[in-house]
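Work through the exercises below with the sequence and the model in view. Try each task before reading its solution.

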Amino acid sequence: MSVRRGRVLGAAAMVSTAMAMTAGALAAPASAATQSDRHEATQRALDGIVAEGVPGVTAQARDKYGTWDAASGVGDLRRGTPRGKHDRFRVGSITKTFVATVLLQLQAERRIDLDDTVGKWLPGVVEGHGHDGDRITVRQILNHTSGIFDYSTDEEFAEKVFSKQFFKHRYDTWTPEQLVKLATGHKPDFAPGKDWKYSNTNYIVAGMIIKKVTGHAYGDEIRRRVIAPLHLNATTVPGTRSTMPRPSSRAYGKLPLDPAGKVYDVTELNPSMGGSAGEIISDSADLNRFYSALLGGRLLPKAELTEMKTVVPVGGKGGGYGLGISEMQLPCKGKVWGHDGGIHGSSSLALTTPDGRHSLALNMNGDWAGDADPAVVAEFCGT
């Protein structure tokens, strides 16, 4: 989860991000020189992110002309090595789109109905202090209208994860049951279906439901249903593995409960703190391939994709949140779909046009600064 309080594991900040849309079918790749020229504004925007204080940024754009890989800044502050164009990184809440995709596939197979209650699949799990899993539907956990308290804002959790205690607890394993118990130790934010509020607990519960329905861990189902068919060779569900696969850069963060506001190397951590709400590792190319396939109809039947894209209005800015995916209205008209994600030292964004033919994914290896909006506008709007 993000080390910025209020944006843990993404916290749907992307809903208000300004973005754009360009159509067109994929064609033969353009020359390297042509690609550089076409993405000159995007490169300047990436350089601008670094100028704001982020150590480095890596990105890939994919459109009808082919793919363009880019990077700016530093990947390792101690060694001064540059950020890699093909770095792998922790994607944070982008994990949620993978999880929602699996549950929608299970619905298409008639193994679950999104209007089933959570209590049907996990009896007695979401209970306590006013929480009632028998009144919450699977759909409501996927679109964040369940009202379930967000475990990542629990004081005990926050102290261990967002203060200097992180260095004592960075290798701790958190089970889904522990995280849900933290959440249900608080009152719900609202009655099910009565409002919208981003809660990482929703997707911890979603991962538990996948295991209940299939008999397999949610990560195994993602590997079988998404990673393997799409050949996402840089994408992993690490479980409790604390190290990063190569190639990758170091991740740097500021702990929001550290009054000194120092920058720390937070690369190594046990990602079970995010679990099915935010533990996946990937790279920009794989994220573009995933969202392109998803929006292009290769992962879900038409009916389920339509359900995924049925949004709850968020923030009054013309966008909304669907089932594990956000809709963003663009300053140059049109819209894009995708998700953002934050976890210690890593801030990511992945966006795709409604036809899946133009995509942008990027990652910053710092979590205290950096505005991706100019890069998004440059890439999709051409300004």
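Helices (H or I, at least four residues) and strands (E, at least two) are DSSP runs, numbered from the N terminus. Axes are lines fitted to C-alpha atoms, for helices over the stretch in contact, and angles run from 0 to 180 degrees between N-to-C directions. The model is predicted: local features need pLDDT of at least 70, side-chain atom pairs count only at pLDDT 80 or more, and totals for chains, interfaces and linings use all residues. Residues are numbered from 1 along each chain as its sequence is written, and side-chain values use heavy atoms, with hydrogens and water left out.

**Exercise 1. Two helices**

Task: Describe how the axes of α3 and α10 cross, and list the residues that make the contact.

Solution:
- Step 1. Helix α3 covers residues 95–108 and helix α10 covers residues 218–230; their axes come within 10 Å and cross at roughly 75°.
- Step 2. Angles under 35 degrees count as roughly parallel, over 145 as roughly antiparallel, 65 to 115 as roughly perpendicular and the rest as oblique. The crossing angle therefore makes α3 roughly perpendicular to α10.
- Step 3. Contact means heavy atoms within 4.5 Å. On α3 the contact is made by Thr-95, Phe-98, Val-99, Thr-101, Val-102, Gln-105 and Leu-106, and on α10 by Tyr-218, Glu-221, Ile-222, Arg-225 and Val-226.
- Step 4. Sorted by class, the contact of α3 with α10 has seven nonpolar, three polar and two charged residues. Here Ala, Val, Leu, Ile, Met, Phe, Trp, Tyr, Cys and Pro count as nonpolar, Asp, Glu, Lys and Arg as charged, and the others, Gly among them, as polar.

**Exercise 2. Aromatic rings**

Task: Classify the ring pair of Phe-157 and Trp-174, and state whether each residue is buried or exposed.

Solution:
- Step 1. A pair of aromatic rings is described by the distance of the centres and the angle of the planes. Rings of Phe, Tyr and Trp (its six-membered ring) pair if their centres lie within 6.5 Å; planes under 30 degrees apart count as stacked, over 60 as edge-to-face and the rest as tilted.
- Step 2. The ring centres of Phe-157 and Trp-174 are 4.9 Å apart and the planes stand at 65°, so this pair is edge-to-face.
- Step 3. Phe-157 belongs to helix α6 (residues 155–162), while Trp-174 is in the loop between α7 (166–169) and α8 (176–184), 17 residues apart.
- Step 4. Buried means under 20% relative accessible area, exposed over 50%, partly exposed in between (1.4 Å probe, protein chains only). Phe-157, at 0%, counts as buried, and Trp-174, at 8%, counts as buried.
- Step 5. Ring pairs link Tyr-151, Phe-157, Phe-162 and Trp-174 into a cluster.

**Exercise 3. Backbone angles**

Task: Find what is unusual about the backbone at His-129, His-231 and the bond from Arg-246 to Pro-247.

Solution:
- Step 1. Most residues other than glycine have a negative phi, and most peptide bonds are trans.
- Step 2. His-129 has a positive phi near 55°. His-129 sits in the loop between β5 (127–128) and β6 (131–132) and, at 53% relative accessibility, counts as exposed.
- Step 3. His-231 also has a positive phi, about 55°. His-231 lies in the loop between α10 and β7 and, at 56% relative accessibility, counts as exposed.
- Step 4. The peptide bond from Arg-246 to Pro-247 is cis, with omega near -5°. Pro-247 is found in the loop between α10 and β7 (252–254).
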